Amino acid sequence: MKIDIMTLFPEMCESVLSESIIGRARKNGYVEINCVNIRDFTLDKHNRVDDAPYGGGMGMLMGPQPIYDCYKSLYGDEEKKPHLIYMSPQGKTLTQQRVKELALTDHIVLLCGHYEGVDQRILDEIVDEEISIGDYVLTGGELPALVLADSISRMIDNVLPNDEAKELESHYNGLLEYPQYTRPYEWHGVKVPDILLSGHHANIDKWRHEKALETTLLKRPELLSSAKLSKKDTEYIKSLKKGET
């Protein structure tokens, strides 16, 4: 898996992607992530990548030439075109399902806009997909790109300790994660649920699954409509709504 991030702030992206799990995955060669400076490809003698928008308006707009030349530098003429994603508030909202699908792609390029956005012509010519991380506006596309790169990288083999680690996390299977506890056994008068100390793995798994259903119903009930639920799950949720548990 290769991810290229086209940005005006590569140092900002590198500082995040060089740490923790993703940083180790890059060092071990499980995922290749490159942060490429769009400004390196401008033909403007003052290194400008933006200009005033036609028709007037506030702010500046990123021009098409530096972005296009940056993009073309990322793959040769004989190579398959990478899948290019523009991080945009106009895109479809990112979901775990889309993350799992993108993790199967060999080469992804993430375009980070800035200022008032990007010239529409470059979007029409090279962008395959627009993705948003939520219905709000940020200063640039770098933070969304980092979110997407991180979420995709976690799905790559060997990045996490084992497949179970990612399958048990919130949203992976459509549910939120169950509550978790560590030492000490009692803190501020609250004890760890005894079932977690029982050593009975089947009962622990059942408790965790039921707690995941409860947590999802309480915090994000809309997720249950698209989650993969068994008949027993559905019956358990009905009992929760009736206050029977």
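**Close-up views of a predicted model**

**View 1. Glu210 and Lys206 sit together in helix α8, four residues apart, which is about one turn of the helix.** Welcome to the first stop in this predicted model. The side chains of Glu210 and Lys206 join in a salt bridge, with 2.7 Å from N to O. Lys206 has a relative accessible area of 49%, so this residue counts as partly exposed. By the rule used here, there are nine salt bridges to look for.

**View 2. Thr216 belongs to the same helix as the pair above, α8, which covers residues 201-219.** Is Thr216 buried or exposed? Thr216 has a relative accessible area of 0%, so this residue is buried. Who are the contacts of Thr216, once neighbours within four places in sequence are left aside? They are Leu175, Leu176, Pro221, Leu223 and Leu224.

**View 3. A salt bridge links Glu101 with Arg98.** The closest N and O atoms of the two residues are 2.9 Å apart. Why are Glu101 and Arg98 separated by about one helical turn? Both are in helix α4 (residues 96-102) and they are three residues apart, so about one turn separates them. Glu101 is partly exposed, with a relative accessible area of 35%, and Arg98 is also partly exposed, at 24%. Take a look at Glu129 as well: Arg98, Glu101 and Glu129 are linked in a network of salt bridges.

**View 4. Here Glu222 meets Arg220 in another of the salt bridges.** The closest N and O atoms of Glu222 and Arg220 lie 2.4 Å apart. Glu222 is partly exposed, with 43% relative accessibility. Arg220 is partly exposed too, at 32%.

**View 5. Five strands make an open sheet with parallel pairing.** Following the sheet across, you can trace the order β2-β1-β6-β5-β7. Which strands are at the edges? They are β2 (32-37) and β7 (129-132), and each of them pairs on one side only. On average, neighbouring strands of this sheet are turned by 35 degrees against each other, ignoring direction. Two helices can be found packing on the sheet. Helix α1 touches β1 and β2, and its direction makes about 160 degrees with that of β2. Helix α3 (residues 64-72) touches β1, β2, β5 and β6, and its direction makes about 160 degrees with that of β1.

**View 6. Strands β5 (residues 83-93) and β6 (residues 107-112) pair in the parallel sense.** Five bridges connect these two strands. To find your way, look for Met87, which stands opposite Cys112 in β6.

**View 7. Pro89 is a residue of strand β5.** Its relative accessibility is 53%, so Pro89 counts as exposed. Not counting residues up to four places away in sequence, Pro89 touches Ser132 and Tyr136. How far is the C-alpha atom of Pro89 from that of Gly141, 52 residues away along the chain? The separation is 9.3 Å.

**View 8. Five residues make a nonpolar patch on the surface.** The members are Phe9, Met12, Tyr136, Leu138 and Leu143, and the patch covers about 440 Å². You have already met Tyr136 as a contact of Pro89. Where is Phe9 found? Phe9 is in the loop between β1 (2-7) and α1 (10-17). With 34% relative accessibility, Phe9 counts as partly exposed.

Conventions:
Residues are numbered from 1 along each chain as its sequence is written. This is a predicted model: local features need pLDDT of at least 70, side-chain atom pairs count only at pLDDT 80 or more; totals for chains, interfaces and linings use all residues. Side-chain values use heavy atoms; hydrogens and water are left out. Patches are made of residues with over 30% relative accessible area and no salt bridge: like charges are joined within 9 Å, nonpolar side chains (Val, Leu, Ile, Met, Phe, Trp, Tyr) within 5 Å. Accessible areas come from the Shrake-Rupley method with a 1.4 Å probe; for residues, only the protein chains shown count as cover. A salt bridge is a side-chain nitrogen of Lys or Arg within 4 Å of a carboxyl oxygen of Asp or Glu. Buried means under 20% relative accessible area, exposed over 50%, partly exposed in between (1.4 Å probe, protein chains only). Two strands pair if DSSP finds at least two bridges between them. Axes are lines fitted to C-alpha atoms, for helices over the stretch in contact, and angles run from 0 to 180 degrees between N-to-C directions. Contact means heavy atoms within 4.5 Å.
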